[in-house]
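Biologist: I have the structure open and would like to go through it with you. Shall we start with a single side chain and work outwards?

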Amino acid sequence: MSRSRHVGKIRKRLEDVKSRWVRPARTDFSDNESARLATDALLDGGPEAYWQALSQEGEVDFLSSVEAQYIQAQAKEPPCAPETPGGAEAGAKGLDSCSLQSGTYFPVASEGSAPTLLHTWASAEKPYLKEKSSATVYFQTDKHSNIRDLIRRCIARTSQVLAILMDVFTDVEIFCDILEAANKRGVFVCVLLDQGGVKLFQEMCDKVQISDSHLKNISIRSVEAEVYCAKSGRKFAGQVQEKFIISDWRYVLSGSYR
């Protein structure tokens, strides 16, 4: 008896949307097991294992070449259990105790605790809750509202708290604005950087000779995006590709400029 060939979720949907005769189905938001198995294979065995998993699952190649290269470059080995006396049985228990969650896209456990300063902010007065909200959209083609200048004006008018999330932070002039706000006006500044952008930020500080003594009122931390864990324990972290600024709990700037 012949066995029907398995068809992956994405491939099946592509076939349906291409056909004029298939009626629209209810959108399926469940996890794609075929995609998970293929991603695990890429993490554990490289491109050949990835293609083999796609073939077995009947799924299409859903990763771009850049994404596949990023996953392989960022892959980390699972933590090893320390050697303990007691033989193989004790060693197996030790491995179980430090093994990562498997079979899930986004583990719920965080590897790092939240900064203490954020707890202080959480209890601070939030005037924005009492005010009417409004939004303004600026386009880079608007020569009268230069986006970079808007960012600098926002920093210049901040008087209490400034929170900044950046994927890559290498703008020396904006960094000077932040240093002036912190050191001259007593503004508390929290800068969150994507883990992958820390090296570039450090290079900028080294070039302009900024040391810890200049950052007394500034908290600088690095954060990772969601972490994907394969069943083998190998994992990789995504990238934070956002930019936003919160000023005095009243103003928020979000977007990018080039």
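Modeller: Please keep in mind that this is a predicted model. A convenient start is Val172, which, leaving aside its neighbours within four places in sequence, is in contact with Met204 and Val208.

Biologist: Where is Val172 placed, and how far apart are the C-alpha atoms of Val172 and Val208?

Modeller: Val172 belongs to helix 8. Its C-alpha atom is separated by 8.2 Å from that of Val208, and the two residues are 36 residues apart along the chain.

Biologist: Is Val172 buried or exposed?

Modeller: Neither, because its relative accessibility is 35%, which counts as partly exposed.

Biologist: Let us move inwards. Which residues have the most contacts inside the largest nonpolar core?

Modeller: They are Leu162, Phe169, Phe175, Ile178, Val189 and Ile218, in a core of 24 residues. Two or more residues each come from helix 7 (147–157), strand 1 (161–166), helix 8 (172–184), strand 2 (188–194) and helix 9 (198–207). Helix 8 provides the largest share, six residues.

Biologist: And what is Phe169 in contact with, beyond its neighbours within four places in sequence?

Modeller: Its partners are Ile174, Phe175, Ile178, Val191, Leu193, Phe201 and Met204. Apart from this core lies another one, of 13 residues, including Ala38, Leu63, Ala230 and Phe236.

Biologist: Phe236 is noted. What does Thr39 touch, not counting residues up to four places away in sequence?

Modeller: Thr39 touches Phe62, Tyr228 and Phe236. Thr39 is found in helix 2 (residues 33–45), and it is buried because its relative accessible area is 8%, under the 20% limit.

Biologist: Turning to the rings, how many aromatic pairs does a search of the whole structure find?

Modeller: The search finds six. One of them joins Phe175 and Phe201 in an edge-to-face arrangement, at 5.4 Å centre to centre and with 75 degrees between the planes. This pair links distant parts of the chain, since Phe175 lies in helix 8 and Phe201 in helix 9, 26 residues apart.

Biologist: Are those two rings buried or exposed?

Modeller: Phe175 is buried, with a relative accessible area of 3%. Phe201 also counts as buried, at 5% relative accessibility. Elsewhere, ring pairs link Tyr50, Trp51 and Phe62 into a cluster.

Biologist: Now the pockets. What is the volume of the largest pocket, and which residues are the closest to its centre?

Modeller: The volume is about 950 Å³. The lining has 34 residues, and the closest to the centre are Thr136, Tyr251, Val252, Leu253 and Ser254.

Biologist: Which element gives the most to that lining?

Modeller: Helix 7 does, with seven residues. Among the elements that supply at least two are also strand 6 (243–247) and strand 7 (251–254). By type, the lining divides into 22 nonpolar, six polar and six charged residues.

Biologist: One last topic: which residue in the loop between strand 6 and strand 7 has a positive phi although it is not a glycine?

Modeller: Asp248 does, with a phi of about 55 degrees, and it sits in that loop. Trp249 is placed in the loop between strand 6 and strand 7 as well, and its phi is positive at about 60 degrees although it is not a glycine. Most residues other than glycine have a negative phi.

Biologist: Are Asp248 and Trp249 buried or exposed?

Modeller: Asp248 counts as buried at 8% relative accessibility, and Trp249 is buried with a relative accessible area of 15%.

Terms used. Residues numbered from 1 in each chain as written. Predicted model: local features only at pLDDT ≥ 70, side-chain atom pairs only at ≥ 80, totals over all residues. Heavy atoms only, no water. Core = buried A, V, L, I, M, F, W, Y, C linked by side-chain atoms within 4.5 Å. Buried < 20%, exposed > 50% of the residue type's maximum accessible area, 1.4 Å probe, protein only. Helix = DSSP H or I, 4+ residues; strand = E, 2+ residues; numbered from the N terminus. Contact = heavy atoms within 4.5 Å. 1 Å grid on protein atoms, 1.4 Å probe; cavity = no way out; pocket = protein on both sides within 12 Å on 5 of 7 lines; lining within 4 Å. Points joined across faces, edges and corners; volume = space filled by probe spheres on them. Nonpolar A, V, L, I, M, F, W, Y, C, P; charged D, E, K, R; others polar. Phe/Tyr/Trp six-rings, centres within 6.5 Å; stacked < 30°, edge-to-face > 60°.
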